[in-house]
Amino acid sequence: MSDFKFQIQAKLKGTSARTGIITTPHGKIETPAFIVVGTKATVKAMTPEQVKEVNAQAVLANAYHLYLQPGHKLIEKGGGLSKFMNWSGPTFTDSGGFQVLSLGSGYKKVIDMVGGEAEEVSSSSKQERRAFVDNEGVTFYSHLDGSRHRFTAELSMQIQHAIGADIIFAFDELTSLVDPYDYQVESLKRTHAWADRCLAELNRLRSLHPKRDYQALFGVVQGAQYEDLRRQCARFLASRDFDGFGIGGAIEKARLGEIVSWVNQELPENKPKHLLGISEPDDIFQAIENGIDTFDCVSPTRVGRNGSAYTCSGRKNIVASRYRDDFSPLIPDCQCYTCRNYTSAYLHHLLHAHELLANTLMSIHNEHFIIKLVDDIRISIEEGSFFELKENWLAKYYAKGSTNR
Ligand SMILES: [Zn+2]
């Protein structure tokens with residue numbers, strides 16, 4: 001029996017933006033929602049209690065990382081992801097398709113993807129190619145110890161079934177923006193075949209373990225920057241029995257809204273759509289306006305650990321000397337735990353001293369900031385003030401002289 005449900009609540013006239021509620025066995029997600037990333041079953045530097053306190057509704061972990069360490073069987077033995085990491089709310093895992101091809105292979109070009117994956121991936125950019133795709137699956141070498149592994153659609157489902165997240169993604173082939181069109185066509189055939197194999201394998205696993213919580217499976221739309229391929233892929237997946245959809249692959253920032261809108265036109269309205277890996281506030285507005293319900297990104301914690309804080313007037317580098325004796329909070333009226341209790345000067349000191357607490361306090365503020373933005377967008381859709389919010393918010397955030405770019 002499916003415990004998974006998506007109900008649309010309000011729609012914004014003249015756009016594809018909507019609000020809704022996703023119901024999972026571990027609770028509800030009010031959409032649009034920013035899903036915080038907990039790659040290795042932890043949101044870096046934050047306890048689950050702190051994750052809850054920044055109003056995060058769900059956590060997304062990664063099948064590739066958890067397969068390598070500590071192993072999906074161990075998580076299964078520990079009662080599944082939610083219990084293992086002590087996060088009682090809804091969870092997602094992504095299939096590992098992105099990681100086996102990007103971390104494993106040194107696919108530098110994908111990295112023009114929107115959002116924050118760039119740093120992580122570029123570290124492998126000079127390595128020799130370390131992932132090999134064939135029609136059956138992907139052979140790759142671990143970024144941890146160089147050991148050889150092979151992922152298939154079936155194994156990705158077995159891993160994600162063992163990890164036990166509420167929402168899981170079909171295994172797909174990630175291509176890069178510089179792969180030629182012919183290759184994209186060939187790759188898409190594989191992504192389609194793997195999507196069907198994922199459905200079949202998950203159904204097999206469900207019937208083997210009928211008492212387990214229902215896991216919703218999202219098909220992932222690929223097709224790079226090509227309209228015909230994106231639409232073709234979306235139509236194919238729409239004809240199958242997926243619970244929702246992910247939009248993956250390489251997307252240039254400038255074309256984000258356009259690509260999402262093609263895909264959204266082909267997918268059924270009544271199913272949720274997740275955009276994999278975006279980060280910046282302008283991308284968030286674009287995605288929601290074009291029909292995206294949930295999205296995830298590592299940026300808030302990653303840039304926080306690097307000393308950057310999101311503020312209403314752009315991203316600020318707290319390591320800079322002007323914060324040395326700034327005894328005000330990062331944002332004066334911010335309600336996050338960090339801003340209620342600590343000054344910019346203190347954070348500046350922690351960052352310079354390489355104290356671990358800096359990671360925690362900066363991450364709390366940044367996650368709170370982005371989640372609050374998405375919560376405000378949700379309210380603005382309900383109240384019909386989306387465009388007003390978008391205009392005011394982005395004008396302030398990207399005003400000349402702000403340091404976020
Ligand atoms: Zn704050």
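This is a conversation about a predicted model of one protein chain.

Trainee: Let's start with the whole chain. What makes its radius of gyration agree with a compact globule?

Mentor: For 405 residues, a compact globule would have a radius of gyration near 22 Å, and the protein chain has 20 Å, so the two agree. Along its principal axes, the C-alpha trace spans about 60 × 50 × 45 Å.

Trainee: How many helices and strands does the protein chain have, and what share of its residues is buried?

Mentor: There are 16 helices and 16 strands. Buried residues make up 60% of the 405. The chain exposes about 16,500 Å², with carbon and sulfur atoms supplying 49% of that area. As for contacts between residues at least 6 apart in sequence, 67% of them join residues at least 24 apart.

Trainee: Now single residues. Why is Ala131 called buried?

Mentor: Buried means under 20% relative accessible area. Ala131 has 0% relative accessibility, so Ala131 counts as buried. You can find Ala131 in strand 7, residues 131-133. Its C-alpha atom is 8.3 Å from that of Ser102, a residue 29 places away along the chain.

Trainee: And Gln215, why does that one count as buried?

Mentor: The relative accessible area of Gln215 is 5%, and the cut-off is under 20%, so Gln215 is buried. Gln215 sits in the loop between helix 8 (181-208) and strand 11 (216-221). Not counting residues up to four places away in sequence, Gln215 touches several others, including Gln160, His161, Leu202, Arg206 and Asp243.

Trainee: Why is Tyr346 called partly exposed?

Mentor: Partly exposed lies between the buried limit of 20% and the exposed limit of 50%. Tyr346 has 32% relative accessibility, so Tyr346 counts as partly exposed. Tyr346 lies in helix 14, and beyond its neighbours within four places in sequence, Tyr346 is in contact with Leu357 and Leu361. From Tyr346 to Trp194, the C-alpha distance is 51 Å, with their positions 152 residues apart in sequence.

Trainee: Which residues of helix 14 are buried, and what do they pack against?

Mentor: In helix 14 (residues 344-352), the buried residues are Ser344, Ala345, Leu347, His348, Leu350 and Leu351. They pack against helix 12 (299-305), helix 13 (337-341) and helix 15 (356-383). After helix 14 comes His354, with a positive phi near 55°.

Trainee: What makes helix 7 mostly covered?

Mentor: Nine of the eleven residues in helix 7 (residues 153-163) are buried. Among them are Leu155, Met157, Ile159, Gln160 and His161. Just after helix 7, Gly164 has a positive phi of about 85°.

Trainee: How do you know that phi of Ala41 is worth a second look?

Mentor: Most residues other than glycine have a negative phi. Ala41 is not a glycine, yet its phi is positive, near 65°. Ala41 is in the loop between strand 4 and helix 1 (48-53), and its 12% relative accessibility means that Ala41 counts as buried. Ala224 also has a positive phi, about 50°, although Ala224 is not a glycine. Ala224 is in the loop between strand 11 and helix 9, and at 0% relative accessibility Ala224 counts as buried.

Trainee: What is omega for the peptide bond from Thr31 to Pro32?

Mentor: Omega is near 0°, and the bond is cis. Most peptide bonds are trans. Pro32 is in the loop between strand 3 (27-31) and strand 4 (33-37). A cis bond also joins Gln69 and Pro70, with omega about 10°.

Trainee: Last topic, helix packing. What classes of residue make the contact of helix 11 with helix 15?

Mentor: The axes of helix 11 (residues 281-289) and helix 15 are 11 Å apart, at an angle of about 30°. Pro281, Ile284, Phe285 and Ile288 in helix 11 meet Ile370, Leu373, Val374, Ile377 and Ile381 in helix 15. By class, that gives nine nonpolar residues, no polar and no charged.

Trainee: And which classes make the contact of helix 9 with helix 10?

Mentor: Helix 9 (residues 227-238) and helix 10 (residues 256-266) pack at about 35°, with axes 8 Å apart. Residues in this contact include Arg230, Arg231 and Ala234 of helix 9 and Ile259, Trp262 and Glu266 of helix 10. The contact has five nonpolar, one polar and five charged residues.

Technical notes
Residues are numbered from 1 along each chain as its sequence is written. This is a predicted model: local features need pLDDT of at least 70, side-chain atom pairs count only at pLDDT 80 or more; totals for chains, interfaces and linings use all residues. Side-chain values use heavy atoms; hydrogens and water are left out. Axes are lines fitted to C-alpha atoms, for helices over the stretch in contact, and angles run from 0 to 180 degrees between N-to-C directions. Helices (H or I, at least four residues) and strands (E, at least two) are DSSP runs, numbered from the N terminus. Contact means heavy atoms within 4.5 Å. Ala, Val, Leu, Ile, Met, Phe, Trp, Tyr, Cys and Pro count as nonpolar, Asp, Glu, Lys and Arg as charged, and the others, Gly among them, as polar. The radius of gyration is taken over C-alpha atoms; the globule rule is 2.2 Å times the number of residues to the power 0.38. Buried means under 20% relative accessible area, exposed over 50%, partly exposed in between (1.4 Å probe, protein chains only). Accessible areas come from the Shrake-Rupley method with a 1.4 Å probe; for residues, only the protein chains shown count as cover.
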